[in-house]
Every structure is written in structure tokens, then in C-alpha cells.
Amino acid sequence: MALLEVESVSKRYGTETLALDSITFSVQPGEFVGIIGPSGAGKSTLLRCINRLIDLSGGDIRFDGVSVTNLRGAALRRHRTRIGMIFQHYNLVNRLSVIENVLHGRLGYKNTLQGVLGLYSEEEKREAVRILDSVGLSEHMYKRCDQLSGGQKQRVGIARALVQQPKMLLCDEPIASLDPSSAKVIMDTLRDINQTMGITVLVNLHQVDVALHYAERIIGINRGRVVYDGPPDALSNSQVYQIYGSEAGELILDLRERHAA
Ligand code: ADP
């Protein structure tokens, strides 16, 4: 059974912008999917619809066999705990320590009072430490997040998502603010999580070469529509044109150089 089913999903902002125009695809458990497309294509909107940070204008999204399209209140919070979000700008609380930020990933499992008082069980703390160790951050555990590099902050973001014990990670441009070597560490970490923990990964990427390198399946989006859905090695130059429009020329040149290297 598919883990995620996106069926004819549309999203309109106001009366002007149709950000998603009847998008349909499904994702099997354990897949690593790269979503590519030019700026403004609707990639971020799509991820935000899936974890229901925003409402859909039309269509249906099912996660683990259950429609999440109209979830509210406690049921919506439960849905969100099962999906870890990774953001371009990390969304950490900078004045708090690394471990406190990671433990925030457990808030979805708590009532308001426990959350406000920061009440975490010994088991939760041990798990947070173990996960920080697995992403190579154990020595920075008590540092404030504003003392970390971008790449380290993103690893905190990943650790916070993992303590949720999610079934799926949604990563919205996770490497857009990073230098190439930090970007590689983050993409390697995501691939490792996918392969060793079996967690399904959907990652929005502006960089087509990175997507082709890491993803086993590419979904190409242009103006809110899926224009490619298939394996990376079947993506032709003309399909890159279809996805990227006028931005494509430079990208195709980059890809040729990569293949020639
Ligand atoms: P991408 O992630 O591919 O860059 P987005 O999903 O951010 O694309 O945006 C898709 C379209 O929706 C764009 O035209 C963008 O301007 C518009 N958009 C995104 N968020 C909002 C919002 N909160 N309000 C109004 N328009 C938005």
C-alpha cells in the first residue's frame, strides 16, 4: 500500500495564484523522492499541503491509508507528529541549546502543560542524545544553536525531526543556504536515514544535479503541474526544458559537464 497518495490536489492563494493545479502521485514506503522545479513552481506549497500546514483548495491527500485533507485539532497534530519537516532556514530556537531544540520534536506527543514546563522523560532524553550522536553533534549538545554553523544547524533540524519517530521526512530546500561541503553532509545524512531506518524522504531541491545524484525518483513540477515523474536516468534534456522553462539552458549545460567529468 502507498504511504502517501496525492490525488488531484489544487491550492489557490487568493483569487490570483493557482500554486498547485491538480497534482496526482503516490509514494511507496521507503522511497527517496526528489521534487525539482524552478522557483515559484509550487514545490514548497506541495510539502506544506502534505503535512497540512496549509489547507488544500481541492483534491485529497491520504497518508498511511487515511485522508488527512480535513483533519483538525488533535487529529491534525497527530498527523504532523508522523511527518518530520526540515526547512531551508532550520526553524530552530536560536537562544536555546541543541538538545532543547531536538527535544522540541517531542512536543507533538505532549499536552500543553507538559510542553510548557519542558517535561521530558528520561527515555526521551536518552533517545535525543542517541540521535544527536548519530548525526555527529554529541559534543555540541549544550551549545546554544546560534553558535553553530549552517550545516550543524541543519543537522539539529534533522535530529529534531527524527525524535518524532516519523514515517516520512519532508525536506523543503534543505541545502539552499549551505556551502557545497555542508550540503553534501546533509544530503548524505538524508540518504543514510532513508536507507538504514527505512524512513520515506521527499526533498524539494532547486539543484537538479543534486536531485539526480541522490533521488531514486524525480518529480518535476512546473507552474503547479507534474511534468515529469520517473527515474533520474530517464530524464531527458527536453524534459529538463519542460520543467525549468527558460532557466533550463544553463542547467543542461551543467549536467553535460557533470556527465563528461
Ligand atoms: P517553490 O517552492 O517551487 O518556489 P512556492 O510553493 O513557494 O514555489 O510558490 C508557488 C506559487 O505560490 C508562487 O507563485 C508563489 O508566489 C505563490 N505563493 C506561495 N506562498 C504564498 C502565500 N503564502 N501567499 C500567496 N502566494 C503564495
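Buried means under 20% relative accessible area, exposed means over 50%, and partly exposed lies in between, with a 1.4 Å probe and protein chains only. Keep that scale at hand for this tour.

The model is predicted, so local features need pLDDT of at least 70, side-chain atom pairs count only at pLDDT 80 or more, and totals for chains, interfaces and linings use all residues. Numbering starts from 1 along each chain as its sequence is written, and side-chain values use heavy atoms, without hydrogens and water.

**Whole chain.** Show the C-alpha trace. Along its principal axes it spans about 55 × 45 × 35 Å. The radius of gyration is 19 Å, which agrees with the value near 18 Å for a compact globule of 261 residues. That radius is taken over C-alpha atoms, and the globule rule is 2.2 Å times the number of residues to the power 0.38. Of the 261 residues, 50% count as buried.

**Secondary structure.** Switch to cartoon. You should find ten helices and ten strands. These are DSSP runs, numbered from the N terminus: helices are H or I with at least four residues, strands are E with at least two.

**Four-strand sheet.** Select β1, β2, β4 and β5. They form an open sheet in the order β2-β1-β4-β5, with antiparallel pairing. Its edge strands, β2 (17-27) and β5 (66-67), each pair on one side only. Two strands pair if DSSP finds at least two bridges between them. Now pick β1 (residues 4-13) and β4 (residues 58-63): five bridges join this antiparallel pair. Label Glu-5; its bridge partner in β4 is Arg-62.

**Six-strand sheet.** Next comes an open sheet of six strands, ordered β6-β7-β8-β3-β9-β10, with mixed pairing. At the edges sit β6 (83-87) and β10 (225-230), each pairing on one side only. On average, neighbouring strands of this sheet are turned by 15° against each other, direction ignored. Zoom in on β6 and β7 (residues 168-172). They run parallel and are joined by five bridges. Label Ile-86; opposite stands Cys-171 in β7.

**Surface stop.** Select helix α4 (residues 112-117), where Leu-113 lies. Is Leu-113 buried or exposed? Leu-113 counts as exposed, because its relative accessibility is 57%. Add Leu-117 and Leu-119 to the selection. With Leu-113 they make a nonpolar surface patch of about 320 Å². Patch residues have over 30% relative accessible area and no salt bridge; nonpolar side chains (Val, Leu, Ile, Met, Phe, Trp, Tyr) are joined within 5 Å, like charges within 9 Å. A salt bridge is a side-chain nitrogen of Lys or Arg within 4 Å of a carboxyl oxygen of Asp or Glu. Accessible areas come from the Shrake-Rupley method with a 1.4 Å probe; for residues, only the protein chains shown count as cover.

Key: Axes are lines fitted to C-alpha atoms, for helices over the stretch in contact, and angles run from 0 to 180 degrees between N-to-C directions.
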